[in-house]
Protein chains: 2
Amino acid sequence: MADASPTSLAGYEFDRATAVRPGPEPGVATVELDPTFAVGPKVHGGYLLAVLGRAAVDAATSAGASHPHVVAATATYLGSPDPGPATVEAEVLRIGRTATHVRTVLRQGGQTAIDATLILGVLPTPDDDGAAPTWSSVTPFDVAPREVCIRATSDNPMGFLVHINDRIDLRLDPASMRWTAGDPSGRGDLRGWISFPDDRPIDPLALLLFVDALPPPTFDVWPSGWVPTMALTTYLRAIPAPGPLRARVLAQHLGSGRVDEVCELWDSEDRLVAQATQIASIRLPEGTELPPYPR
Amino acid sequence: MADASPTSLAGYEFDRATAVRPGPEPGVATVELDPTFAVGPKVHGGYLLAVLGRAAVDAATSAGASHPHVVAATATYLGSPDPGPATVEAEVLRIGRTATHVRTVLRQGGQTAIDATLILGVLPTPDDDGAAPTWSSVTPFDVAPREVCIRATSDNPMGFLVHINDRIDLRLDPASMRWTAGDPSGRGDLRGWISFPDDRPIDPLALLLFVDALPPPTFDVWPSGWVPTMALTTYLRAIPAPGPLRARVLAQHLGSGRVDEVCELWDSEDRLVAQATQIASIRLPEGTELPPYPR
């Protein structure tokens, strides 16, 4: 596996964009939110979670905890920050034997943008024999070989730039691209491969970005417009083996203007490395109607 | 639908046990944690979430919000409270047009036991024509008719009293009972029907209890011992129609001593009313080994 120490990673785009620096007040770090880890004018939600993950690990390490990895993160999104300066408060709530708990709050312009609680622990490495899954009812999903998948670009027919697609290397299964031609499959299911264009190793912090990095799976049902995350829960299960990850997002249930979506990431050795669920608001574009149900 | 106003509910067991009262400090309520909403000597996690839900709704109402229902709750469990007095802090983070955000913290003996952020809004009622689901990729699961299901009792072969089973009316599908005879199905899948024994109407606060009220689905894999919740995320989707709910918990992935579980609750009119996911620790009983994988 590539060296994934903070020092060796410092030159990558993702690490520059998620750098948190001690601020003037104790327990409050500062971050410069990157305008290219963004969708249109707004900073990307998975990127923000990675910023909070980094701040949580820093705070836990400073407090003497020996739990280097985010194991679970529950984040509530109260606002949509703009690129530019923001602060991150990280409060270590408890250091236990197997886990450290950290609450983080991202603020911008005096407003709370995200409130997240993270559980830190130790994740199994690809070489960790004792850390194979013991039992599972989930199996890897099918996805077309990466070489026939199509890279998602920042330019797209929705009328705003999906800048984040230049910061990640997301290749969608052709079967997950029908919505771009106005012919969604109706299944609410998008699949592909994800990695970094600059070949940065995929560590737990990168997983926090990737669980929210695919297009909204509602695009595979009908053109839903902006689908802002209300709350995002992520479980990290293992440190990925080298290579791009397989990624899938599935829309589950849409009602009363809200939809829940689940995401899974699997590594090159068929190990489930991350799971996420989110509930998001549906903002219909002017003049658009929801499809009939059941479809 | 039965009258579900706070006044009319005050006489039910669940409402007495979850009553939160203003404390001496502003923003801090007190609660007497009920020894019968418990598993062995420890208070039940879903019951605690319902207590926090009630405190959040109270705080939001006092602050002038018109969002009476919990729509999403993300809770991190740092400790296992005992029955007896505890405090609940509820801080309204933001009152928006469609949602109010409240952070709650339950403390006992100076220790933080749960840190939870709740999103409040408005849920559709059974009579709300405009609130039918618009699209869904999930369908109700099969479960045996309630009359052939078997009521879960507080007395059980695990060596401690599951008191909560006297406070809920949980009837498990016979196919979900094999673990009680030492013959788990290996599917990690438990299904049944859930309601209150005193016929209390099932409102959103009750859903917060019910999403964590089935036995751990790992029991359907092998005798896993205590499976304490690390983090629990709940999405409420609708106010249930009258009658018992169908409930299902499924274990998904077990590795490195942690398992994730998903839960769904459906009402008598085939409406999905609640979804939950949790990640929990596996504490193996002395001398027990995990089953081989894949099974």
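Strands here are DSSP runs of E that hold at least two residues and are numbered from the N terminus, and the model on screen is a predicted one.

**First stop: the loop before strand E15**

With that numbering in mind, select Ser256(B), which sits in the loop between strand E14 (245–255) and E15 of chain B. Its phi is near 55°, a positive value in a residue other than glycine. Most residues other than glycine have a negative phi. At 32% relative accessibility, Ser256(B) counts as partly exposed. Now select Ser256(A), whose place is in the loop between strand E14 (245–255) and strand E15 (258–266) of chain A. Ser256(A), which is not a glycine, has a positive phi of about 50°, and with 31% relative accessibility it counts as partly exposed.

**Second stop: a cavity in chain B**

Two cavities of 30 Å³ or more are counted in the model, and the one to look for here is the second largest, with a volume of about 30 Å³. To show its lining, select Val211(B), Leu232(B), Val249(B), Glu261(B), Val262(B), Cys263(B), Ala276(B), Thr277(B) and Gln278(B). If you then colour the chain by strand, strand E15 (258–266) and strand E16 (272–281) of chain B each supply at least two residues of this lining. Coloured by residue class, the lining divides into six nonpolar, two polar and one charged.

**Third stop: the cysteines**

Cys263(B), one of the lining residues just selected, leads on to the cysteines. How many disulfides does the structure hold over all chains? There are zero. In chain A, select Cys149(A) together with Cys263(A), which has the cysteine sulfur closest to that of Cys149(A); the two sulfurs are 15 Å apart, too far for a bond. Cys149(A) counts as buried, because its relative accessibility is 10% and the cut-off for buried is under 20%. In chain B, Cys149(B) is likewise in no disulfide, and the nearest cysteine sulfur, that of Cys263(B), is 15 Å away. Cys149(B) has a relative accessibility of 10% and counts as buried.

**Last stop: the relation between the chains**

Finally, display both chains together. A rotation of 180°, with 0.0 Å of shift along its axis, superposes chain B on chain A with an RMSD of 0.0 Å, which is the relation of a two-fold axis. To find where chain B comes to this axis, select Thr74(B), whose C-alpha is the one in that chain nearest the axis, at 3.1 Å from it. The same surface serves both copies, since 100% of the contact residues of chain B recur in chain A.

Methods:
Residues are numbered from 1 along each chain as its sequence is written. Chains are lettered from A and ligands numbered from 1 in the order in which they are written. This is a predicted model: local features need pLDDT of at least 70, side-chain atom pairs count only at pLDDT 80 or more; totals for chains, interfaces and linings use all residues. Side-chain values use heavy atoms; hydrogens and water are left out. Copies are superposed by least squares on the C-alpha atoms of residues with pLDDT of at least 70 in both. Contact means heavy atoms within 4.5 Å. On a 1 Å grid over the protein atoms alone, a cavity is a set of points where a 1.4 Å probe fits but cannot get out, and a pocket is an open set with protein on both sides within 12 Å along at least five of seven lines; lining residues have an atom within 4 Å of a point. Grid points are joined across faces, edges and corners, and a volume is the space filled by probe spheres set on the points. Helices (H or I, at least four residues) and strands (E, at least two) are DSSP runs, numbered from the N terminus. Ala, Val, Leu, Ile, Met, Phe, Trp, Tyr, Cys and Pro count as nonpolar, Asp, Glu, Lys and Arg as charged, and the others, Gly among them, as polar. A disulfide is a pair of cysteine sulfur atoms within 2.5 Å. Buried means under 20% relative accessible area, exposed over 50%, partly exposed in between (1.4 Å probe, protein chains only).
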